[in-house]
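Dear colleague,

Please find below the structure that I am handing over to you. I should be grateful if you would look through it before reading the notes that come after it.

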Amino acid sequence: VARELEATPVAELVALANRGAARPIRLADPDLGTERVSGRFRIDNTELLARRLGALFGRSVDMDDRREIVLAAAAGMPSTRAPDARQLAAASKGIE
C-alpha cells in the first residue's frame, strides 16, 4: 500500500504505517517527527520504511527488539529541508 504525501510530518507518516503493523516504528527523537517529507511512500512494510527514513535522515535503525523498530536520535546532524520521493529513493538504493 502506497500513499501520496505532501510536506507531511514524519510522525504522521510513521503513524500511518504503524496502524495495524505487527512491528511498529518508534521515533527515539521527537524532533525527527517534525521533519517533513513529500512523495509516494509505502506504508505496509515498517521495516523497509524505517530503513529508508534512517538512510534519508542519517539515523541508525535498531531492529533488535522483535516488538518494535526504533529510529535512533541524531548524532549532531542538523536537518536542512524536507526530502522528496526522488531523494528518498536515492537514499534507500540498495537497501531493499
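The following paragraphs set out what was found, beginning with the chain as a whole and then turning to its parts.

Please bear in mind that this is a predicted model. The protein chain holds 4 helices and 5 strands, and, read from the N terminus, its elements follow the order β-α-β-α-β-α-β-β-α. Of the 96 residues in the protein chain, 38% are buried. If one takes the contacts between residues at least 6 apart in sequence, 68% of them join residues that are at least 24 apart.

The sheet. An open sheet is formed by 3 strands, in the order β2-β5-β4, with mixed pairing. Its edge strands are β2 (25–27) and β4 (61–62), each of which pairs on one side only. Between β2 and β5 (residues 69–71) the pairing is parallel and runs over 3 bridges. Within this part of the model, R26 is placed opposite V70 of β5.

Helix α3. This helix comprises residues 46–57, 12 residues in total. From its first C-alpha to its last it reaches 16 Å, close to the 16 Å expected at 1.5 Å a residue. Helix α3 lies across β2, β4 and β5, and it runs at about 15 degrees to β5. Its buried residues are T46, L48, L49, A50, R52, L53, G54 and F57. At the start of α3, a side-chain oxygen of N45 comes to within 3.2 Å of the backbone nitrogen of E47. Just after the helix, G58 adopts a positive phi of about 70 degrees.

Helix α1. In α1 (10–18), the residues V10, L13, V14, L16 and A17 are buried. These residues lie on the same side of α1, because the arc they cover around the axis is only 155 degrees. They pack against β1 (2–9), β2, α2 (30–34), β3 (36–42) and α3. G20, which follows α1, has a positive phi near 75 degrees.

Residue R23. R23 belongs to the loop that lies between α1 and β2. Is R23 buried or exposed? Its relative accessibility is 15%, and buried means under 20%, so R23 counts as buried. When neighbours within four places in sequence are set aside, R23 is in contact with T46, E47, M63, D64, D65, R66, R67, E68 and I69. Of these contacts, T46 is also listed among the buried residues of α3.

Residues A7 and D31. Two further residues may be of interest. A7 is located in strand β1. A7 is not a glycine, yet its phi is positive, at about 45 degrees. Most residues other than glycine have a negative phi. With a relative accessibility of 35%, A7 counts as partly exposed. D31, by contrast, is found in helix α2, and its relative accessibility of 54% is the reason why D31 counts as exposed. D31 and A11 are separated by 20 residues in sequence, and their C-alpha atoms are 9.3 Å apart in space.

In short, the main points for a first inspection are the open sheet β2-β5-β4, helix α3 lying across its strands, and the buried residues of α1, which are on the same side of that helix.

Yours sincerely

Key. Residues are numbered from 1 along each chain as its sequence is written. This is a predicted model: local features need pLDDT of at least 70, side-chain atom pairs count only at pLDDT 80 or more; totals for chains, interfaces and linings use all residues. Side-chain values use heavy atoms; hydrogens and water are left out. Helices (H or I, at least four residues) and strands (E, at least two) are DSSP runs, numbered from the N terminus. The expected span of a helix is 1.5 Å times one less than its number of residues. Buried means under 20% relative accessible area, exposed over 50%, partly exposed in between (1.4 Å probe, protein chains only). A polar contact is a pair of N or O atoms within 3.5 Å; within protein, one must be able to donate a hydrogen and the other to accept it, and residues adjacent in sequence count only if both atoms are side-chain atoms. Two strands pair if DSSP finds at least two bridges between them. Contact means heavy atoms within 4.5 Å. Axes are lines fitted to C-alpha atoms, for helices over the stretch in contact, and angles run from 0 to 180 degrees between N-to-C directions. The arc is that of the directions from the helix axis to the C-beta atoms.
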